[in-house]
Amino acid sequence: MSSQQDSAEQVIVIGGGIIGVMCAWYLTETGRSVTIVERGQLGQGCSHGNCGYVSPSHILPLTTPGAIGMALRSMLSNKSPFYIKPRWSPAMWSWLWRFARRCNRVDMLRAADTLHAMLQSSKTLYRDLVNQQKLDCEWEENGILFVFQSRDKFEHYAETDKLLTDRYGVAAKPIDGAHLEQMEPALVPGLGGAWLYECDAHLRPDSLLREMRRLLVQRGVRIVEEAEVIGFEARGRRADAVRTNHANLQAHQFVVATGAWTPFLNRHLGCRIPIQPGKGYSLTMPRPKLCPHHSMIFEEHRVAITPLRSKFRIGSTMEFAGYDTTINPRRLEILKDAARLYLREPNLESVEETWYGWRPMTTDGLPYIDRTPAFDNVWVAAGHNMLGLSLATVTGKLIAEFLTSRPPHIDTTPLRLPR
């Protein structure tokens with residue numbers, strides 16, 4: 001059984017998360033006819049319950065000097081925000097080895113240079129998209145507070161702020177502990193201080209995906225759900241169709257935006273894409289009466305909160321446990337414990353949704369956005385680490401530029417396959 005849309009410029013986007021959705025959107029801007037093929041339901045994977053940050057401040061990748069030591073120590077405690085489940089996994093240990101080699105200042109800054117350009121572009125594109133299409137997604141541009149429990153850690157962060165200010169022009173406003181409680185009464189007294197990145201924004205991810213689905217359907221995008229892609233039909237270096245568990249779907253161009261699932265297509269793509277699933281968690285509840293005004297990251301505990309207009313969300317942690325579909329209650333306790341430490345009213349007795357998602361983690365902190373080695377008409381847009389939402393619009397725009405042979409609006413050399 002096969003199906004084909006009659007179009008001279010038909011593109012199939014494999015993956016219905018935020019990256020695939022934004023690729024589809026910007027491809028329709030070029031006049032392409034687009035089909036999205038999703039193994040589950042559109043927007044129900046890692047894109048659904050994250051903290052919704054669009055954050056130009058998140059420039060530095062995880063590959064900081066000393067990060068590998070922290071990662072290895074985390075194996076000794078499943079209460080660590082960064083946890084690696086001890087297990088026999090050659091792919092995991094190979095990934096860690098490659099990650100460790102990147103944990104130095106030179107490689108960190110090289111990745112940060114690219115992330116900065118991508119994040120700046122993506123924030124502008126988001127603002128334009130939200131305003132022009134009047135998206136109902138709880139978009140807020142009031143910044144993110146990086147909150148510190150201890151004054152020493154607050155003062156030490158000045159080194160990071162100086163680096164981001166001097167190299168990238170991304171500066172934060174320091175708020176000492178004495179003034180922090182006045183600025184954010186929802187925080188407990190006695191904290192060390194905070195740094196406010198006014199350039200950051202947040203939105204509600206599931207609302208964004210719902211709005212984007214509406215817009216895509218209006219533009220004639222076909223959405224095929226519950227269809228797992230298992231390979232390609234090809235003639236030489238050109239793919240003719242994707243093979244799914246239901247049918248073969250034909251097109252002229254293909255975009256693989258499958259996030260953490262991408263390694264399962266490695267042998268079809270002609271290269272090994274070293275992505276590991278990094279499980280993140282979130283808890284969503286009604287807004288407390290004393291609700292924070294800003295989104296916040298509790299830096300010493302690696303926990304984030306988002307005061308959405310309609311809900312209140314606590315999220316983060318990083319768990320490397322393979323493609324494990326269970327919810328680890330100890331990871332949820334990390335979120336709850338941090339909320340109790342920092343917030344007057346964490347509202348933890350009213351949890352409405354407990355969620356996890358697999359972040360597609362790469363060894364250098366950068367996504368892969370490039371043509372595949374195996375095919376001239378198959379492209380990859382995957383591996384966005386913890387920044388999938390933040391980088392979705394710029395990724396969609398880059399894919400549209402590639403598929404229409406236009407020069408990319410930012411340097412994409414560091415995003416190539418393989419590397």
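**Notes on a predicted model: strands, salt bridges and a pocket**

1. Let's start with a pair of neighbours: strand S16 and strand S17 (residues 303–307) run antiparallel and are joined by 3 bridges. This is a predicted model, so please read everything below in that light. Within the pair, Phe298 has Val303 in S17 as its bridge partner. The two strands make a hairpin, with 4 residues between them. Have a look at Arg302 while you are there: this turn residue has a positive phi of about 55°.

2. S16 has another partner too. Strand S6 (residues 144–148) pairs with S16 in the parallel sense, over 4 bridges. If you want a spot to find that pairing on screen, go to Ile144, whose bridge partner in S16 is Ser295.

3. Which residues cover the two faces of S16? The strand spans residues 295–298, with Ser295 and Ile297 on one side and Met296 and Phe298 on the other. All four of these residues are buried, and both faces of the strand are covered. Two of them turned up above: Ser295 as the partner of Ile144, and Phe298 as the partner of Val303.

4. Next, a sheet to trace strand by strand. It is open, has 6 strands with mixed pairing, and follows the order S10-S3-S2-S14-S21-S20. S10 and strand S20 (368–371) are the edge strands; each has a single partner strand, so one side of each is left without a neighbour in the sheet. On average, neighbouring strands here are turned by 15° against each other, direction ignored.

5. Zoom in on the S10 edge. S3 and S10 run parallel, and 3 bridges join them. One facing pair to look for is Val37, which stands opposite Val224 in S10.

6. Now for charges. Side chains of opposite charge can pair when their charged atoms come close. How many salt bridges does the model have? The count comes to 25. Three of them get a closer look in the next points.

7. Glu228 and Arg39 are joined by a side-chain salt bridge, with an N to O distance of 3.6 Å. This pair links distant parts of the chain, 189 residues apart. Glu228 sits in the loop between strand S10 (222–224) and strand S11 (229–235), while Arg39 sits in the loop between strand S3 (33–37) and strand S4 (53–54). Glu228 has a relative accessible area of 32%, so this residue counts as partly exposed. Arg39, at 37%, is partly exposed as well.

8. The salt bridge between Asp107 and Arg110 stays within one helix. Their side chains meet at 2.5 Å, N to O. Both residues belong to helix H4 (residues 105–133) and are 3 residues apart, about one turn of the helix. Is Asp107 buried or exposed? Asp107 is buried, because its relative accessible area of 17% falls under the 20% cut-off. Arg110, at 46% relative accessibility, counts as partly exposed.

9. Helix H6 (residues 158–168) holds another pair, Asp166 and Lys162, 4 residues apart, again about one turn of the helix. Their closest N and O atoms are 2.6 Å apart in the salt bridge. Both residues are exposed. Elsewhere, salt bridges that share partners tie Lys123, Arg127 and Glu141 into one network.

10. Arg127 also gives a handle on strand S9 (residues 201–202), where Ala201 lies. Ala201 and Arg127 are 74 residues apart in sequence, yet their C-alpha atoms are 9.5 Å apart in space. Ala201 is buried, with a relative accessible area of 0%.

11. Last stop: the second largest pocket. About 330 Å³ of space lies in this pocket. What lines the pocket? There are 18 lining residues, and those nearest the centre are Ala91, Pro263, Arg272, Ile275 and Gln276. Helix H3 (90–102) and strand S15 (276–285) are the elements that give two or more residues to the lining. H3 gives the most, with 5 residues. Sorted by class, the lining has 10 nonpolar, 5 polar and 3 charged residues.

How values were computed:
Residues numbered from 1 in each chain as written. Predicted model: local features only at pLDDT ≥ 70, side-chain atom pairs only at ≥ 80, totals over all residues. Heavy atoms only, no water. 1 Å grid on protein atoms, 1.4 Å probe; cavity = no way out; pocket = protein on both sides within 12 Å on 5 of 7 lines; lining within 4 Å. Points joined across faces, edges and corners; volume = space filled by probe spheres on them. Nonpolar A, V, L, I, M, F, W, Y, C, P; charged D, E, K, R; others polar. Salt bridge = Lys/Arg side-chain N within 4 Å of Asp/Glu carboxyl O. Buried < 20%, exposed > 50% of the residue type's maximum accessible area, 1.4 Å probe, protein only. Pairing = 2+ DSSP bridges. Axes fitted to C-alpha atoms, helices over the stretch in contact; angles between N-to-C directions.
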